[in-house]
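Grab a coffee and work through these short exercises with the model open beside you. Try each task before reading its solution.

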Amino acid sequence: MSLVHVEKENQIAVVTLNNPEKFNILSRDMLDTLENVFEELRDDSEVRVVILTGSGKAFAAGADIKLMSGLDALEAWRWAQRGQEVFKLIEESPKPVIAAVNGYALGGGMEMAMACDLRIAADTAIFGQPEVQLGLIPGFAGTQRLQRLVGHGWAMRLILTGERIDAQKAYEIGLVEEVVEKDRLLDRAKELAKEILKGGPQALAVAKEVIHRGREMNFDSACAYEAQAFGLLFATGEPQEGLKAFLEKRKPAWFPEE
Ligand code: CO8
C-alpha cells in the first residue's frame, strides 16, 4: 500500500497522506514519496490544482520522533534540510496547492500545511509547533514560514509555548483562511480548486513566483520584478486570450481544445 494516495479528476489532484495508524508522520519514506508525487504532478499536464490532505485523524503529526531520537548533529542538520527541500518543492509547485487540514497538524505537519498556498481546516483540526517540548526547534522552515504567515507575536507564542490551538483559533490568527465542518472539507477544497481553475495556468504560476520571490526583495525591486513578470506573461498568449474573451463576453479558452 502506498504511503501517499493520488486521485486525479477534472484537472484537480487530491494527494492524501495514507499512513493513518501512524498519524501520517513524516518519515524518510513519507518525505521521499511526497517528493516523487510532487515532481510527477509538476510535469503532469492534466493536473492544474493540487489538494493536500491526510487520512484518518491526522493531516500529519510531525516528523518521525523515533528516527530523530537516533540522529547525531550532522544527521539532524541534513534531516532538517531534507524536510525543507521537500516542502520547498510543494511551495514552488507551479500549480496552486491547497492544504485541506483534516486533523492533527503538529510540528512538521503544520510546517507542511504552511508550505501550501491556501489552507482550509476541518473544525476538528488541531495545530501546534510542539518542538521545544522535545528539546527541538521547528526545523522544516517553521520558524520562518510561521512568522511570515501570522506575524512575529503569534509565531513566538506558538513556538515558545508549544501549545496546541484549534481550527477556530488558527482562523483567528490567520494560520488558515477558512474553517468548515469536517464532512465538507474535501468538497470545499474542490470548490476552491474550481475557482482557481478559472484563472490562466501561466498567470497562476507567475503570480505564485512573484509573490514568493518578491517577499524577499525591497518594495521597489519587487514592483520592478512584478512589472517584468506582467510583461513576460504576454509572451505566453494567455493575457491576449483572457482580455479578448472578456470583450467577447465568453469564457477564456486557456487550452486550444477548450
Ligand atoms: N513520530 C513518531 N511516532 C509518532 C508521532 C511522531 N511524530 N506521532 C505519533 N506517533 C506514534 C506514537 O508513538 C504511537 O505509536 P505506537 O502505537 O507504536 O505507540 C502512535 O503514533 C499513536 O500515537 P498515540 O498513542 O500518542 O495516539 P494519541 O491519539 O494518544 O495522540 C497525537 C495522537 C496527539 C498525534 C500524539 O501521538 C502526539 O502528540 N504525537 C507527537 C506530535 C509531535 O510532537 N509532533 C512534532 C514532532 S517534532 C517535528 O515535527 C519537528 C519537525 C522538524 C524536524 C527537523 C529537526 C531536525
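**Exercise 1.** Work out how exposed Cys223 and Cys116 are, then look for disulfides.

*Solution.* This is a predicted model. Start with Cys223: its relative accessible area is 31%. Buried means under 20% and exposed means over 50%, with partly exposed in between, so Cys223 is partly exposed. Next take Cys116, which comes out at 4% relative accessibility and therefore counts as buried. Finally, a search of the whole structure turns up zero disulfides.

**Exercise 2.** Trace the open sheet and find which strands stand at its edges.

*Solution.* First write down the order of the six strands: β1-β2-β3-β5-β7-β10, with mixed pairing. Now check the ends: β1 (4-9) and β10 (178-180) each have a single partner strand, so one side of each has no neighbour in the sheet. Going from one strand to the next, the twist averages 20°. Then zoom in on β3 (residues 49-54) and β5 (residues 97-101), which pair in the parallel sense over three bridges. Val50 sits opposite Val97 in β5.

**Exercise 3.** Describe what surrounds the ligand and find its polar contacts with Lys22, Gly108 and Arg164.

*Solution.* Begin with the shell: 23 residues surround the ligand, and Lys22, Ala61, Ala63, Ile65 and Gly108 are the closest. Now go through the ligand's oxygen contacts. A polar backbone atom of Gly108 is 2.8 Å from a ligand oxygen, a polar side-chain atom of Lys22 lies 3.1 Å from one, and an N or O atom in the Arg164 side chain is 3.4 Å from one. As for cover, the ligand alone exposes 1100 Å², and the protein buries 67% of that. Last, list the elements giving two or more residues to the shell: α2 (65-69), α3 (73-91), β6 (104-106) and α4 (108-114).

How values were computed: Residues numbered from 1 in each chain as written. Predicted model: local features only at pLDDT ≥ 70, side-chain atom pairs only at ≥ 80, totals over all residues. Heavy atoms only, no water. Pairing = 2+ DSSP bridges. Helix = DSSP H or I, 4+ residues; strand = E, 2+ residues; numbered from the N terminus. Axes fitted to C-alpha atoms, helices over the stretch in contact; angles between N-to-C directions. Disulfide = S-S within 2.5 Å. Buried < 20%, exposed > 50% of the residue type's maximum accessible area, 1.4 Å probe, protein only. Near = heavy atom within 4 Å. Polar contact = N/O pair within 3.5 Å; in protein donor to acceptor, adjacent residues only side chain to side chain. Areas by Shrake-Rupley, 256 points an atom, 1.4 Å probe, with all protein chains shown as cover.
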